[in-house]
Amino acid sequence: MAVYTHVSAEALGEFLKRYDVGELVSAKGIAEGVENTNYLVDTTTDRFILTLYEKRVAADDLPFFMALLDHLAEKGLPVPPAIKDREGVEIQQLCGRSACLIKFLPGISLTTPTPAQAQAAGAALADMHRAVDDFRGERPNSMGIATWRPLLARCGADLDGIAPGLFDELSSALDRIEAAWPTDLPVCAVHADLFPDNVLMRGDAVTGLIDFYFACTDLRAYDLAVMHGAWAFDPAGPTYRSEIGDALIQGYGPLTEAEQAAFPILAAGAALRFALSRSWDWLNTPADALVTRKDPLAYVRRLRHYLA
Ligand SMILES: Nc1ncnc2c1ncn2[C@@H]1O[C@H](COP(=O)(O)OP(=O)(O)O)[C@@H](O)[C@H]1O
Ligand SMILES: N[C@@H](CCOP(=O)(O)O)C(=O)O
């Protein structure tokens, strides 16, 4: 459930008057998602997503995310830019939160992708990386390799409550990953969280890349490595679906030799990143919270696969 902040019909009707989007017809809270409050909003002229940014998205980062979305939309990518109000403003305040009215994109979020869908999604990631060639915005990765050791330390011995020996296992995985992490690969603006649920599709066609709230400047092959872990395994983690992994990489197109050589360690790093962030959430989200906690062990299993 991802409606943390309730927006009354009166407040929303008043908010929409800033825009040239007609009158409010209906608004429904969207259950999917974990980070922000999202509403599906219908007006007399169109359909939109209203997002209120909750504590995990820093207000200072919103200009980077919105500039990136504007840049990609101008290049024809299927991403949802924020709608500008009559004065050209994208980032607003509503109910005490930063908020944006966002273009609605058609399509459905994937759960179990087919090889053809994985190929199309890999190609869409490559399109994005080409399109940011002339994007000048920069944002350090707030969940990048430099943050993994401090996060591991913050989780600490409590990790062993998730699975016996987990702290030691993640510590030695991090030692290996840090020692082998490449520093000289091509860097660009990356999505950094392009899981199947962040890709909207109709059949085998990508109709939307959404949820850019981890986007940052990092190794471009790391973006593909994040996708590889998220797409090419069964959800619980132990079974690698090579036909999906191959289709994703084929869709993305050729990596440099150095990127290919580094790919297993990048994929291990990505698996560790999600094992750690999910572990932190697991340990710090009450079991009766509105949000469904995601299983950290699904990413520990992927980590074992990449480091085997
Ligand atoms: N621009 C959009 N167009 C259509 N649906 C969207 C759009 N943005 C979000 N959604 C829907 O809302 C859900 C949650 O959005 P998401 O950005 O993933 O939330 P969160 O940031 O909280 O994880 C998505 O799974 C999708 O169904
Ligand atoms: N994709 C991450 C969690 C981030 O959540 P999102 O709803 O913002 O994509 C995970 O699965 O751990």
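This is a short dialogue on reading a predicted model.

Me: Before I look at any detail, how confident is the predictor in this protein? What is its average pLDDT?

Reply: Good place to begin. Where pLDDT is low, the predicted coordinates should not be read in detail. Here the protein averages a pLDDT of 95, and 98% of the residues score at least 70. The model also scores ipTM 0.95 and pTM 0.96.

Me: Thanks. Now the overall layout: into which domains is the protein divided?

Reply: There is domain 1, covering 9-104, and domain 2, covering 109-307. Their C-alpha centres lie 26 Å apart.

Me: How many residues of each domain are in contact with the other?

Reply: A contact here asks for C-beta atoms within 7 Å. By that test, 17 residues of domain 1 touch 19 residues of domain 2. On the side of domain 1 that touches domain 2, twelve residues are nonpolar, one is polar and four are charged.

Me: Let's turn to the ligands. Why does ligand 2 lie between the domains?

Reply: Look at which domains supply its shell. Domain 1 (9-104) and domain 2 (109-307) both give residues to the shell around ligand 2, so ligand 2 lies between them. You can find G33, V34 and E35 in that shell, along with D193, F195, N198, D211, F274, S277, R278 and K294.

Me: And by class, what is the shell around ligand 2 made of?

Reply: Sorting the shell by class gives five charged, three polar and three nonpolar residues.

Me: Which residues come nearest to ligand 1?

Reply: Of the 21 residues around ligand 1, the nearest are E32, G33, E35, P80 and D211. Each of domain 1 (9-104) and domain 2 (109-307) contributes at least three residues to the shell of ligand 1. By class, that shell holds ten nonpolar, six polar and five charged residues.

Me: One last feature, helix packing. At what angle do α4 and α9 cross?

Reply: To read a helix pair, take the axes, then the handedness, then the side chains' classes. Helix α4 spans residues 145-155 and helix α9 spans residues 257-284; their axes come within 10 Å and cross at roughly 35°. The crossing of α4 and α9 is left-handed.

Me: Which residues make the contact between α4 and α9?

Reply: From α4 they are I145, W148, L151, L152, R154 and C155, while α9 brings G269, L272, R273, L276, S279, W280 and L283. Split by class, the residues of this contact of α4 with α9 are nine nonpolar, two polar and two charged.

Notes:
Residues are numbered from 1 along each chain as its sequence is written. Chains are lettered from A and ligands numbered from 1 in the order in which they are written. This is a predicted model: local features need pLDDT of at least 70, side-chain atom pairs count only at pLDDT 80 or more; totals for chains, interfaces and linings use all residues. A residue is near a molecule or strand if its C-beta atom, placed from the backbone, lies within 6 Å of it. Ala, Val, Leu, Ile, Met, Phe, Trp, Tyr, Cys and Pro count as nonpolar, Asp, Glu, Lys and Arg as charged, and the others, Gly among them, as polar. Domain bounds come from an automatic or database domain assignment. Axes are lines fitted to C-alpha atoms, for helices over the stretch in contact, and angles run from 0 to 180 degrees between N-to-C directions. Helices (H or I, at least four residues) and strands (E, at least two) are DSSP runs, numbered from the N terminus. A crossing is left-handed if the near helix is turned anticlockwise from the far one by less than a right angle, and right-handed if clockwise. Two residues are in contact if their C-beta atoms, placed from the backbone, lie within 7 Å. pLDDT is the predictor's confidence in each residue, from 0 to 100.
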